[in-house]
Amino acid sequence: MFKRYDDVCAKLASRLNVWQWWLMAIVLWVVSQQTMGWLNGLYAASQFPVSFFVGQTTFNAAELKSYYAVLLELGTLDKFIGVQLADYVYMATVLASLFVAMVAVYRILPNITWLKKIGWFMVLLSPAAAGFDALENLISFILLANPLTFSDWLVYPYSSLAVAKFGAYAVTYLWAILALLSCAIVWPYVLIKQKIGRVATV
């Protein structure tokens, strides 16, 4: 199954040239940012008492129930459920954005075996954040069905998936930064070495 996934990603990654991948990466990043702004607006309208990060990584059932109690008191629980549904749209844009960005980064990496291996691993890993987010949202619907009486143990897989999601985002973005810095450092050395090699053979 993993081999098939790897093959599909490899076929996709080889279809366009590097500049087309970078153009798509920029366009999709803008789309994902616009979608995030829309989602943040919906979240603010629901009047959830804390941020996404705090609410999702609490690991404390009583604390999470207290947040839901605020929504029930304000009459905005339905709006918050709408946020969870809208989040799937954001997930789709993030999945596409991160995958395309990781392929774009991979395509410009110098042909150094270990660096290419890391780059390809990040291409395969890039959909993970959206996957964790999707699973986390599924559990949130179970919690919201009984916001004050859900089983306390459900907060552990819920918050664990949230931590995994945020971790996957962090690793992906950190890799993109490090990879671009590596390219800025390594590519001049590679080009100079190639030039010296050509001069030596003349």
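This is a conversation about reading helix packing, salt bridges and surface features in a predicted model.

Reader: I see a lot of helices here. How do I describe two helices that pack together?

Author: Two packed helices are described by the angle between their axes and the distance between the axes. Try it on helix H5 (residues 77–108) and helix H6 (residues 113–125): their axes come within 8 Å and cross at roughly 165°.

Reader: So what does that angle tell me about how H5 and H6 run, parallel or antiparallel?

Author: The angle makes H5 roughly antiparallel to H6, because anything over 145 degrees counts that way. You can add the handedness too: H5 passes H6 in a left-handed crossing.

Reader: Which way do H5 and H7 run relative to each other?

Author: Read the numbers in the same order. The axes of H5 and H7 come within 10 Å, and they cross at roughly 165°. H5 and H7 are therefore roughly antiparallel to each other. Their crossing is left-handed.

Reader: And at what angle do H2 and H5 pack?

Author: H2 and H5 pack at about 160°, and their axes are 8 Å apart. That makes H2 roughly antiparallel to H5. Here again, H2 passes H5 in a left-handed crossing.

Reader: Okay, let's move on to side chains. How do I spot a salt bridge, and how many salt bridges does the count come to?

Author: Look for a side-chain nitrogen of Lys or Arg within 4 Å of a carboxyl oxygen of Asp or Glu. By that rule the count comes to three salt bridges. Start with Lys65 and Asp152, whose closest N and O atoms are 2.7 Å apart. Lys65 lies in helix H4 and Asp152 in the loop between H7 and H8, so this pair ties together parts that are 87 residues apart in sequence.

Reader: Is Lys65 buried or exposed?

Author: Lys65 has a relative accessible area of 16%, so it counts as buried. Its partner Asp152 has a value of 44%, so Asp152 is partly exposed.

Reader: Which residue forms a salt bridge with Asp133?

Author: That's Lys165, with the closest N and O atoms 3.6 Å apart. This pair links distant parts of the chain, with Asp133 in helix H7 and Lys165 in helix H8, 32 residues apart. Both Asp133 and Lys165 are buried.

Reader: What does the side chain of Glu136 meet in a salt bridge?

Author: Lys165 again, at 3.0 Å from N to O. Glu136 sits in helix H7 and Lys165 in helix H8, 29 residues apart, so to speak of distant parts of the chain being linked is fair here as well. Glu136 is buried, as is Lys165. Put the pieces together and you get a network of salt bridges linking Asp133, Glu136 and Lys165.

Reader: Now the outside. Which residues form a nonpolar patch on the surface?

Author: Find Phe59, Trp153, Tyr156 and Val163: together they have about 430 Å² of accessible area. Take Trp153 as one member. Trp153 is in the loop between helix H7 (128–145) and helix H8 (155–201). Its relative accessibility is 55%, so Trp153 counts as exposed.

Reader: Where is Phe59 found?

Author: Phe59 is in the loop between H3 and helix H4 (61–74). With a relative accessible area of 33%, Phe59 is partly exposed. Check its backbone as well: Phe59 has a positive phi of about 55° although it is not a glycine.

Reader: What about the phi of Gln47?

Author: Gln47 has a phi near 60°, which is a positive value in a residue other than glycine. You'll find Gln47 in the loop between H2 and helix H3 (52–56). Its relative accessibility is 43%, so Gln47 counts as partly exposed.

Reader: One last loop residue. Where is the place of Arg15?

Author: Arg15 is in the loop between helix H1 (2–13) and helix H2 (18–46). Arg15 is exposed because its relative accessible area is 64%, and the cut-off for that word is over 50%. For a sense of distance, compare sequence with space: Arg15 and Trp120 are 105 residues apart along the chain, while their C-alpha atoms are separated by 16 Å.

Methods: Residues numbered from 1 in each chain as written. Predicted model: local features only at pLDDT ≥ 70, side-chain atom pairs only at ≥ 80, totals over all residues. Heavy atoms only, no water. Patch = residues over 30% accessible without salt bridge, like charges linked within 9 Å, V, L, I, M, F, W, Y side chains within 5 Å. Areas by Shrake-Rupley, 256 points an atom, 1.4 Å probe, with all protein chains shown as cover. Helix = DSSP H or I, 4+ residues; strand = E, 2+ residues; numbered from the N terminus. Buried < 20%, exposed > 50% of the residue type's maximum accessible area, 1.4 Å probe, protein only. Axes fitted to C-alpha atoms, helices over the stretch in contact; angles between N-to-C directions. Parallel < 35°, antiparallel > 145°, perpendicular 65-115°, else oblique. Left-handed = near helix turned anticlockwise from the far one by under 90°.
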